[in-house]
Amino acid sequence: MKNTLGKIFLLFILFAVSLFGAGQLATYKLTTNKKSVHIKEPLLITFQAEQKNHSDNMFFSFNVQKSPDYEVKLLQKSIQDKGYHNTKTTFKFVLFPLKAKTLHINFDFIIRTASDKAVKQSYVDDHDDSIAISTYDTKIALKPLTLKVEKFKKHVDLVGDFKISSAIDTNEIEQYGIVNLHYILSGTGYKETALNILKTQIENVSIFSKRKDKLSRLTEDGYIINTEYIYALSAADDFTIPSFALEVYSPRKNSYYTLHTKAYKVKVKKIDPALLLDKTNAPKKETWINFTQIKTFFIYILLFLSGFLTAKFSQKNFFSKKQKEEFEDIKEAKTAKELLLLLIMQYPGKGLDEYIANLEENIHQKHPLNLSKIKKEILRKLR
């Protein structure tokens, strides 16, 4: 019995010492710029961790756990070197709540420590066989953030501060011709990917649409947006494109407002139905055998067989070549600046925000980089 009590007491002491030791590694603080928000209103989450134990190198890893109740994006990660074995790291995330409820947001925070010898060994060279830094990781449990999300008092199409403009290429077309209509939405707020400016179909009018994001950059106040909505409309009779209303909530002003689009009238000129007949491609049928058509038919058959067999034999080479050339631009990047520019220009929206932020920070702070290791991690994430 005494033996058992002694073991329990010893385990308790070891547990207490480990907790005390973890607390002595670093100081950390989590703050937000708002206590409550509306749906899709941006919330800035700031987390700062500062090294307190200066015996070893220290690295901080912090993330907001994913949830279907909100969207969250890393805005910025900055590292302040305050001296030998003394760093301070600041993480900034922008969170957009998607449901009106009380959210409990969880975090992952890890303190990684490494000796000077381990760091030096990792950066001996920049070849493919260089090794990762050997660290001792301490996972710190953080209290969940409780956030109250309020619902809107009325229907809302957009959240933010926006303006809308439009332009039409012509007010008069021939029957079944095309009129092109452009709406440009600009401002700052939540990026609605499913927004449709023409909310309802126009009777007896065929409508084709596409969306073009000219600018979409994340800030503390949401996304800076400049999006073009392009519509092609065709009809047999005159028609009117009505004015539509978009209801918007502004978090900055804590108020509701309405964006109105411009109405357009389109005149459609009638065409003689006889002019619509395709006399060139639908000639009068002949009773005699057309040897030219038979010859053309056999030529097409030969071309088809030739193409089919060529594709069959070269398919294996094609796919192996494609696989070989995949992400070749990332593999051939020779500097951190070259890799950073490549990720921004060629791989947006691929979940590489953390690597982009780290590259920017390391370039500005002139920290040593294991470029080969970073490229390996990026390729592993892309695949």
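A residue counts as buried when its relative accessible area is under 20%. Threonine 46 has 14% relative accessibility, so threonine 46 is buried. This is a predicted model. The chain has 383 residues, and 35% of them count as buried. It holds seven helices and 19 strands.

**Chain overview**

- The accessible surface of the chain comes to about 25400 Å². Carbon and sulfur atoms account for 56% of that surface.
- Take the contacts between residues at least 6 apart in sequence: 71% of them join residues at least 24 apart.

**Threonine 46**

- Threonine 46 belongs to strand 3, which covers residues 43–51.
- Leaving aside residues up to four places away in sequence, threonine 46 touches Lys29, Leu30 and Thr31. It also touches Thr90, Phe91 and Lys92.

**Sheet 12-19-16**

- Three strands make up this open sheet, in the order 12-19-16. The pairing is mixed.
- Strand 12 (172–174) and strand 16 (239–241) are the edge strands. Each has a single partner strand, so one side of each is left without a neighbour in the sheet.
- From one strand to the next, the twist averages 30°.
- Strand 12 and strand 19 (residues 264–269) run parallel and are joined by three bridges. Here glutamate 174 stands opposite lysine 269 of strand 19.
- Strand 16 pairs with strand 19 in the antiparallel sense, again over three bridges. Isoleucine 241 has tyrosine 264 of strand 19 as its bridge partner.

**The two faces of strand 19**

- In a regular strand, side chains alternate between the two faces of the sheet.
- Strand 19 shows such alternation. Tyr264, Val266 and Val268 point to one face and are buried.
- Lys265, Lys267 and Lys269 point to the other face and are not buried.
- Two of these residues also appear in the pairing above. Tyrosine 264 is the bridge partner of isoleucine 241, and lysine 269 stands opposite glutamate 174.

**Sheet 2-10-7**

- Three strands form this open sheet in the order 2-10-7, with mixed pairing.
- Strand 2 (36–38) and strand 7 (102–105) are at the edges, and each pairs on one side only.
- Neighbouring strands are turned by 35° against each other on average, direction ignored.
- Strand 7 and strand 10 (residues 145–150) run antiparallel, joined by four bridges. Histidine 104 stands opposite threonine 146 in strand 10.

**Aromatic pairs**

- A pair of aromatic rings is described by the distance of the centres and the angle of the planes.
- Rings count as a pair when their centres lie within 6.5 Å. By this rule there are 15 aromatic pairs.
- Phenylalanine 60 and phenylalanine 109 have ring centres 6.3 Å apart and planes at 25°. Planes under 30 degrees apart count as stacked, so this pair is stacked.
- Phenylalanine 60 is in strand 4 (residues 57–64) and phenylalanine 109 is in strand 8 (residues 107–114). The pair therefore ties together parts that are 49 residues apart in sequence.
- Both phenylalanine 60 and phenylalanine 109 are buried.
- For phenylalanine 96 and tyrosine 190, the ring centres are 5.3 Å apart and the planes stand at 65°. Planes over 60 degrees apart count as edge-to-face, so this pair is edge-to-face.
- Phenylalanine 96 lies in strand 6 (residues 87–97). Tyrosine 190 lies in the loop between strand 13 (179–189) and strand 14 (205–219). The pair links distant parts of the chain, 94 residues apart.
- Phenylalanine 96 is buried, at a relative accessible area of 1%. Tyrosine 190 is buried too, at 7% relative accessibility.

**Ring cluster and a charge over a ring**

- Ring pairs link Tyr28, Phe47, Phe60, Phe62, Phe91, Phe93, Phe107 and Phe109 into a cluster.
- The cluster includes Phe60 and Phe109, whose rings form the stacked pair described above. It also includes Phe91, which threonine 46 touches.
- Lysine 191 places its charged end over the ring of tyrosine 223, 4.7 Å from the ring centre.

Terms used. Residues are numbered from 1 along each chain as its sequence is written. This is a predicted model: local features need pLDDT of at least 70, side-chain atom pairs count only at pLDDT 80 or more; totals for chains, interfaces and linings use all residues. Side-chain values use heavy atoms; hydrogens and water are left out. Two strands pair if DSSP finds at least two bridges between them. Axes are lines fitted to C-alpha atoms, for helices over the stretch in contact, and angles run from 0 to 180 degrees between N-to-C directions. Rings of Phe, Tyr and Trp (its six-membered ring) pair if their centres lie within 6.5 Å; planes under 30 degrees apart count as stacked, over 60 as edge-to-face and the rest as tilted. Buried means under 20% relative accessible area, exposed over 50%, partly exposed in between (1.4 Å probe, protein chains only). A charge sits over a ring if NZ of Lys or CZ of Arg is within 6 Å of the ring centre and within 35 degrees of the ring normal. Contact means heavy atoms within 4.5 Å. Accessible areas come from the Shrake-Rupley method with a 1.4 Å probe; for residues, only the protein chains shown count as cover.
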